[in-house]
Amino acid sequence: MKLYDTLLAPNPRRVRWIMAEKGIEDIEIVPVSLMTGEHKASEYRERAGLAHLPALELDDGTTITESLAIGRYLESRYPDPNLFGRNPEEVAIIEMWTRRMELYLANPMMMHTRFSHPMLAALEPPVPEVGAYNLKTAEKMMKALNRHLEGREFIAADRITAADIVAYVGLDFGRLVKYRPDPALENLGRWRETMKARPASEAGLRG
């Protein structure tokens, strides 16, 4: 299998993090440059269907895009440690929180960063008002997540799950614009430190 990857974007980092948590080392990493538009080349688009990263090419040539779809496939192939749920109830709860983290925290933070950072203008022109609007959405969820994390180490279960990975990677993308969550959100801060301390955090950042 081959993972088409880039270090710049957060969605590929989710997959690298999942691979690191599971100790997956038998997938070839193929770097793709966003800044030079390599992901828009006809060869890549024909393989992936869209100019999106990451993409996982299976041994039979089937290509899967979307980070969580790739994560679920990897979970089926490498089931331990479990990141998506061990029984129907866990699967539903983890899916619920993963969706919440993606829609109301990770995606808005990524949009804030993408439309605010000058370096990323090569991908899309900066639109400060779009960045500011999305930051407000993300910060609203940060407050809700801070309340939810009272007495909890992780978001959706008694262990790290896909929900934690999606939330942390999305928040951490804000480092490009030197964003830091409000320190008064103590539960959120504690959880962030727990996530940052995991070896997979650095693996997910460096590739």
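The exercises below work through the sheet, the cores, a helix pair and some local backbone features of a predicted model.

## Exercise 1. The sheet

Task: Establish what the order of the four strands is in the open sheet, and which strands stand at the edges.

Solution. Step one is to read the strand order, which is S2-S1-S3-S4 in an open sheet with mixed pairing. Step two is to look at the two ends of that order: strand S2 (28–31) and strand S4 (63–65) each have a single partner strand, so one side of each is left without a neighbour in the sheet. Step three adds the geometry, since the twist from one strand to the next averages 20°.

Task: Work out how strand S1 pairs with S2 and with S3, parallel or antiparallel, and which residues stand opposite Lys2.

Solution. Begin with S2, which runs parallel to strand S1 (residues 2–5) and is joined to S1 by four bridges. On the S3 side, three bridges join S1 to S3, and these two strands run antiparallel. At the level of single residues, Lys2 stands opposite Glu28 in S2, while the bridge partner of Lys2 in S3 is Glu57. Leu3, in turn, stands opposite Ile29 in S2. Finally, follow the chain between S1 and S2: the path passes through helix H1 (residues 10–22), and this β-α-β crossover is right-handed.

Task: Find which strands helix H3 lies across, and give the angle to S4.

Solution. Helix H3 (residues 67–77) lies across strand S3 (55–57) and S4, and the angle at which H3 runs to S4 is about 125°.

## Exercise 2. The nonpolar cores

Task: Describe the largest nonpolar core by the number of its residues, by the elements that give two or more residues to it, and by the element that gives the most.

Solution. The first step is the count: the largest nonpolar core has 49 residues, and those with the most contacts inside it are Ile27, Leu74, Met101, Leu105, Met142, Ile155 and Trp191. The second step is to assign the core to elements, and those that give two or more residues are H1, H3, helix H4 (88–114), helix H5 (128–148), helix H6 (162–172) and helix H7 (186–196). Of these, H6 gives the most, with eight residues. A further core of nine residues lies apart from this one, and includes Tyr4, Tyr44, Leu53 and Ala55.

Task: Determine what Trp191 and Val166 are in contact with, neighbours within four places in sequence being left aside, and whether Val166 is buried or exposed.

Solution. For Trp191, the contacts are with Leu149, Glu153, Phe154, Ile155, Asp164, Ala167, Tyr168 and Leu171. Val166 is found in helix H6, and with a relative accessible area of 1% it falls under the 20% limit and therefore counts as buried. The contacts of Val166 are with Arg14, Leu68, Thr98, Met101, Glu102 and Ala106.

## Exercise 3. The packing of H5 and H7

Task: Classify how H5 and H7 are oriented, and name the residues that make the contact.

Solution. The helices H5 and H7 pack at an angle of about 85°, and their axes are 7 Å apart. Because angles of 65 to 115 degrees count as roughly perpendicular, H5 is roughly perpendicular to H7. The contact is made by Met142, Leu145 and Asn146 from H5, and by Glu186, Asn187 and Leu188 from H7.

## Exercise 4. Backbone features in loops

Task: Locate the loops in which Pro54 and Pro81 lie, and state which residues are joined to them by a cis peptide bond.

Solution. Pro54 is found in the loop between helix H2 (42–48) and S3, and a cis peptide bond with omega of about 5° joins Leu53 to Pro54. Pro81 lies in the loop between H3 and H4, where Asp80 and Pro81 are joined by a cis peptide bond whose omega is about -10°.

Task: For Glu66 and Lys178, find what phi is, and decide how accessible each residue counts as being.

Solution. Glu66, placed in the loop between S4 and H3, is a residue other than glycine with a positive phi, near 80°. Its relative accessibility is 45%, so Glu66 counts as partly exposed. Lys178, found in the loop between H6 and H7, has a positive phi of about 60° although it is not a glycine. With a relative accessible area of 74%, which is over 50%, Lys178 is exposed.

Conventions
Residues are numbered from 1 along each chain as its sequence is written. This is a predicted model: local features need pLDDT of at least 70, side-chain atom pairs count only at pLDDT 80 or more; totals for chains, interfaces and linings use all residues. Side-chain values use heavy atoms; hydrogens and water are left out. Two strands pair if DSSP finds at least two bridges between them. Axes are lines fitted to C-alpha atoms, for helices over the stretch in contact, and angles run from 0 to 180 degrees between N-to-C directions. Contact means heavy atoms within 4.5 Å. A crossover is right-handed if, with the strands pointing away from the viewer, the path from the first strand over the helix to the second runs clockwise. A nonpolar core is a set of buried Ala, Val, Leu, Ile, Met, Phe, Trp, Tyr and Cys residues joined through side-chain atoms within 4.5 Å. Buried means under 20% relative accessible area, exposed over 50%, partly exposed in between (1.4 Å probe, protein chains only). Angles under 35 degrees count as roughly parallel, over 145 as roughly antiparallel, 65 to 115 as roughly perpendicular and the rest as oblique.
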